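The exercises below concern one molecular structure, which is shown next. Please work through each task before reading its solution.

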Protein chains: 2
Amino acid sequence: MQKVGILGGGQLGRMLLQAAANYPVETHVLENDDNCPAAHLCRHFIKGDIRDFDTVYNFGKNLNAITIEIENVNVEALEKLEQEGVQVFPKPSVLRTIKNKVLQKQYYHEHGIPTAEFTILQSNQEIFDWAHLLPGVQKLATGGYDGKGVQIIEDLSSSHFGFDEHSVLEKKIKIKKEVALMIAVGQDGKTALYPPVEMLFNKDLNLLDFQICPADIGKEVWWKAEAISLSVVRNFNSPGLFAVELFVDENNEVFVNETAPRVHNSGHHTIEAHYSSQFDMLWRIILGYPLGNTKYILPSAIINLIGSDNHSGEPYYNGLEEVLSIDNAFLHLYGKQQTKPGRKMGHVTVLSSERADLIYKANKIKQALTVITKE
Amino acid sequence: MQKVGILGGGQLGRMLLQAAANYPVETHVLENDDNCPAAHLCRHFIKGDIRDFDTVYNFGKNLNAITIEIENVNVEALEKLEQEGVQVFPKPSVLRTIKNKVLQKQYYHEHGIPTAEFTILQSNQEIFDWAHLLPGVQKLATGGYDGKGVQIIEDLSSSHFGFDEHSVLEKKIKIKKEVALMIAVGQDGKTALYPPVEMLFNKDLNLLDFQICPADIGKEVWWKAEAISLSVVRNFNSPGLFAVELFVDENNEVFVNETAPRVHNSGHHTIEAHYSSQFDMLWRIILGYPLGNTKYILPSAIINLIGSDNHSGEPYYNGLEEVLSIDNAFLHLYGKQQTKPGRKMGHVTVLSSERADLIYKANKIKQALTVITKE
């Protein structure tokens, strides 16, 4: 039986382990927190820092394969493991490119993949030389995560708010739609594309409200999204599962925003809505089985459950009864011991053949269910 | 967070735990074998004998609730736990009735639930007094499991093959269809019925070949099956999940064969094919949430993976590649460390809107996949 390690023990690891139980695989998880969401669903849990060379190397050296559920891991250790014959999904070279927003942006540029016009900065003073990129988005090369390390620069008068560090400044695209596309690459190089999904935002709060699959985009945009996503992963030359985040502008041009070389929040609906879920698919890739079927059984929406403002502590899921009485809704709580404002605590997937019904139910769930703390 | 224990750590426990990860519940498993299918997917694994009073009592006394994945557990300990306020699903009184085939049969009789005509025997000599029940099926009152403890008595000349023990002798029904119906009973007494499923047998080998949902039975038989199943569970006065096995004879009369007061092999298709799976449903019942939606998303078939004859030892799943390349098939291996002839090692669910496609694929999977040992 293959021994496979996962770096990181969050909700993505948890859902990977739920899927692993269908396959002949011995699971190992490395994570600092021994009460993390994935700690009690694996065969072997090892407490340790995924960013530490020795810890990752020692964790991986007796495994057949290793994968990640977060990019912020020790890439050098993965490179050494790869040299010694441990299979790594995705390849460490991919992680190296993705982890650094400057290298990631250069990668798109070098391979002729459409992405927002950009430059590379070392200080916020340099913004004055790139006024034509404003309004723009400045992203730190490294260390950004979950919305941190990203800064909007509206015009030159606000340039002093910019990061005074190694970073990317890219022209802000006039976004008509935000789309994501999951794509699987097998060990034999075969690829399988999931249908694109569409993010629906609350424009006032700048929050991802919910996500719908398939995206409501015309054929031409769909094909562009597929072609660009394929181009992104083909040039990586690595097996694995990839989530390509795309912007569609008002002229129906499609641009890559970012790529995640792993299972991803935008693919959770695939658990119930698709024949092969993203988690099932990653096991197929790692274990060398044929790629799964990416088609959807029914259209779906995902509603993320986010820790409410002003609530930190043991979570209480307010409105659970109402959501569980919705006929076509599926609840996933991540088993986190503490809620914090903005923390991802779970998600709900809803299935329906009618887009209007999806939107109606998604809004209903969004309003019914909150993650708070009890007095 | 509720602490819930499961007695037994086989595949049913394993799949219960896969579903538990979506809910706020702390899972505990009691089982003698610490390499059992459920051992590494729970929060707390306790090694011990589920048939021993003290072991079960000590396991359960600090839990909020307890359930079973096999009937062969210590009922006295569950009764004591119930008296002390631990919720037991199903109630121990139900287990007491179901575990004993004589009491189970008497239960159907007392409540006017159609079942094959029968008598109760203490020895095989008594068969001569009940010649009109032959050809008949003799079942041991206790101790039978997975086809053991059941004996066909064709005629009086073969009565000496019968069990010389406390047992039931029932008239063999001329079976046209074998059907099973899963039914959920909430803590508030509300019920939800899954659509009946139909077993398709290989008549030569007397093996369950595969199972299809929904059953191909007329409306009248469907309604009878529902009415009988409701009657079976209503009289138990117990929350829980129940699988009612039914025979349909050549006159479209419907009879109860047996009832299992737990998640059941005949409900595995619900994982992918239904909105609320049988495992999801049992957690909803235990945690006091609204019952789930029993409707199917698509019709389905289950193919059981059974250990091949003449193969005992570390399992090798021959034909996995072929099955995993079927577009609408879902693999579930149970992680058993040893295969044995006849042992349930996994199952495959296949979904399709076309019954002919289901049968075609089920046969293909049946032929492709075998569980053997490697030299």
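**Exercise 1. Domains**

Into which domains is chain A divided?

Solution. Chain A comprises domain 1 (2-89), domain 2 (117-171) and domain 3 (175-373); such bounds come from an automatic or database domain assignment. Between the C-alpha centres of domain 1 and domain 2 of chain A the distance is 34 Å.

Before continuing, note the conventions: this is a predicted model, in which local features need pLDDT of at least 70 and side-chain atom pairs count only at pLDDT 80 or more, while totals for chains, interfaces and linings use all residues. Residues are numbered from 1 along each chain as its sequence is written, chains are lettered from A and ligands numbered from 1 in the order in which they are written, and side-chain values use heavy atoms, with hydrogens and water left out.

**Exercise 2. The two copies**

Determine how chain B is related to chain A.

Solution. Step one: a turn of 180° with a shift of 0.0 Å along the axis lays chain B on chain A with an RMSD of 0.0 Å, the superposition being by least squares on the C-alpha atoms of residues with pLDDT of at least 70 in both. Step two: the copies are therefore related as by a two-fold rotation axis. Step three: 100% of the contact residues of chain B recur in chain A, so that the same surface serves both copies; contact means heavy atoms within 4.5 Å. Step four: B:L41 is the residue of chain B that comes closest to the rotation axis, its C-alpha lying at 2.1 Å.

**Exercise 3. Two annotated positions**

Compare the surroundings of A:E170 and A:K171, which UniProt, in an unreviewed entry, lists among the positions of a "binding site".

Solution. First, the record: UniProt positions are given in the numbering used here, feature names are shortened, and annotations may be inferred rather than shown by experiment. Second, the location: A:E170 lies in strand β9 (residues 167-171), and A:K171 is also found in strand β9. Helices (H or I, at least four residues) and strands (E, at least two) are DSSP runs, numbered from the N terminus.

Third, the exposure: A:E170 is buried because its relative accessible area is 5%, whereas A:K171, at 33%, is partly exposed. Buried means under 20% relative accessible area, exposed over 50%, and partly exposed in between (1.4 Å probe, protein chains only).

Fourth, the contacts, leaving aside residues up to four places away in sequence: A:E170 touches residues including A:K105, A:K139 and A:N257, and A:K171 touches residues including A:H132 and A:P135. The side chains of A:E170 and A:K105 also make a polar contact of 2.6 Å. A polar contact is a pair of N or O atoms within 3.5 Å; within protein, one must be able to donate a hydrogen and the other to accept it, and residues adjacent in sequence count only if both atoms are side-chain atoms.

**Exercise 4. A threonine in a strand**

Is A:T259 buried or exposed, and which side chain does its own side chain join by a polar contact?

Solution. A:T259 belongs to strand β15 (residues 254-260) of chain A. Its relative accessible area is 4%, so A:T259 is buried. Beyond four places in sequence, the contacts of A:T259 include A:I98, A:Q104 and A:F236. The side chain of A:T259 is joined to that of A:Y108 by a polar contact of 2.8 Å.
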